[in-house]
Amino acid sequence: MNDFDGTDHLAPISTDALIRSVQEVAAHVGADGWGQPPKMFALVPTAQIAAAEPHLLDQLESGSELTPIEQHPLPDDLHGGSAALEEYLGTTSWAPGVAGCMVVQEILVLPPSAASDLDTAVDAALSRDNAADDVIRAAAGAHPERRAARLIVAVLRDGRSESALALAPEDDDDPFAEPELRTGDNLAPGLVHALQATLEADPEDW
């Protein structure tokens, strides 16, 4: 559960503010390079923080509606792209003053042509009573056309969401170039649903 108590009343948040928060967190996390565990952020109205904690004014981004606040590290056994991460979100809730939340995780992306390879690996492994999620992760990690990526998904209490995908540089890419953020409405619908459920949960239930 987030520690920010806040208030029950939240002013409307613009879509631009949500997009800006995704870009801000993408730059913040990206500065530490690749190979990071999943991270979770609370999205709190900047004006609310300024009113409750005036000594933080010089640390707040001028003109921003939302301030992302990184949460405590997630359990070590939660990996990007795993079903366990969404299951963990099912135990999470937020204080009323939190306007939204965000998860950043590293995943592997494969070309559409790899789908048949994954199906074959899963079919063979399930006959040996292995978990499909673990099998898919292993098969994707061994695929020659795999590409590391950073997936960022943010949601607000009113149901709006924003997702972005940043691909890790390949050997022939400029190592100093910032990864391009590819946005989309349907990048991770399961994760969007799981994050929205954390905002609907009653903190007293946990």
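About 30 Å³ of space lies in the largest cavity of this predicted model. A search of the whole structure finds one cavity of 30 Å³ or more. Its lining consists of V29, Q36, P37, P38, V104, Q105, E106 and R150. By chemical character, these lining residues divide into four nonpolar, two polar and two charged. The element that gives the most to the lining is strand β3 (residues 100-109), with three residues.

**The sheet**

Strand β3 also belongs to an open sheet of six strands, arranged in the order β2-β1-β3-β4-β5-β6 with antiparallel pairing. The edge strands of this sheet are β2 and β6 (181-184), each of which pairs on one side only. From one strand to the next, the twist averages 25 degrees.

The table lists pairs of strands together with the number of bridges and one pair of facing residues for each.

| Strand pair | Bridges | Facing residues |
|---|---|---|
| β1 and β3 | five bridges | L43 and G100 |
| β1 and β2 | five bridges | L43 and P68 |
| β4 and β5 | seven bridges | A154 and E162 |
| β5 and β6 | four bridges | S163 and G184 |

**Strand β1**

In the order of the sheet, β1 stands between β2 and β3. Residue L43 of β1 illustrates this position, as L43 stands opposite P68 in β2 and has G100 as its bridge partner in β3.

How many of the seven residues of strand β1 (residues 39-45) are buried? Seven of the seven are buried, and the strand is thus mostly covered. In a regular strand the side chains alternate between the two faces of the sheet. In β1, K39, F41, L43 and P45 point one way, while M40, A42 and V44 point the other way. The residues of both groups are buried.

**Strands β4 and β5**

Strand β4 (residues 147-156) and strand β5 (residues 161-167) run antiparallel and are joined by seven bridges. The two strands form a hairpin with four residues between them. In the turn of this hairpin, G159 has a positive phi of about 100 degrees. Along the paired strands, A149 stands opposite L167 in β5, and A154 has E162 as its bridge partner in β5.

Strand β5 is largely enclosed by the rest of the structure, because six of its seven residues are buried. On the side of β6, the pairing of β5 is again antiparallel, over four bridges; there S163 has G184 as its bridge partner.

**Helices beside the strands**

Helix α6 (residues 189-200) lies across β3, β4 and β5. The direction of α6 is at about 35 degrees to that of β4.

Another helix, α1 (residues 15-30), contains A17. Is A17 buried or exposed? The relative accessible area of A17 is 6%. Buried means under 20% relative accessible area, so A17 counts as buried.

Which residues is A17 in contact with, leaving aside its neighbours within four places in sequence? They are E65 and L66. L66 lies in strand β2 (residues 66-70), and this strand is an edge strand of the sheet. A17 and T67 are 50 residues apart in sequence, yet 9.3 Å apart in space, C-alpha to C-alpha.

Methods. Residues numbered from 1 in each chain as written. Predicted model: local features only at pLDDT ≥ 70, side-chain atom pairs only at ≥ 80, totals over all residues. Heavy atoms only, no water. 1 Å grid on protein atoms, 1.4 Å probe; cavity = no way out; pocket = protein on both sides within 12 Å on 5 of 7 lines; lining within 4 Å. Points joined across faces, edges and corners; volume = space filled by probe spheres on them. Nonpolar A, V, L, I, M, F, W, Y, C, P; charged D, E, K, R; others polar. Buried < 20%, exposed > 50% of the residue type's maximum accessible area, 1.4 Å probe, protein only. Pairing = 2+ DSSP bridges. Axes fitted to C-alpha atoms, helices over the stretch in contact; angles between N-to-C directions. Contact = heavy atoms within 4.5 Å.
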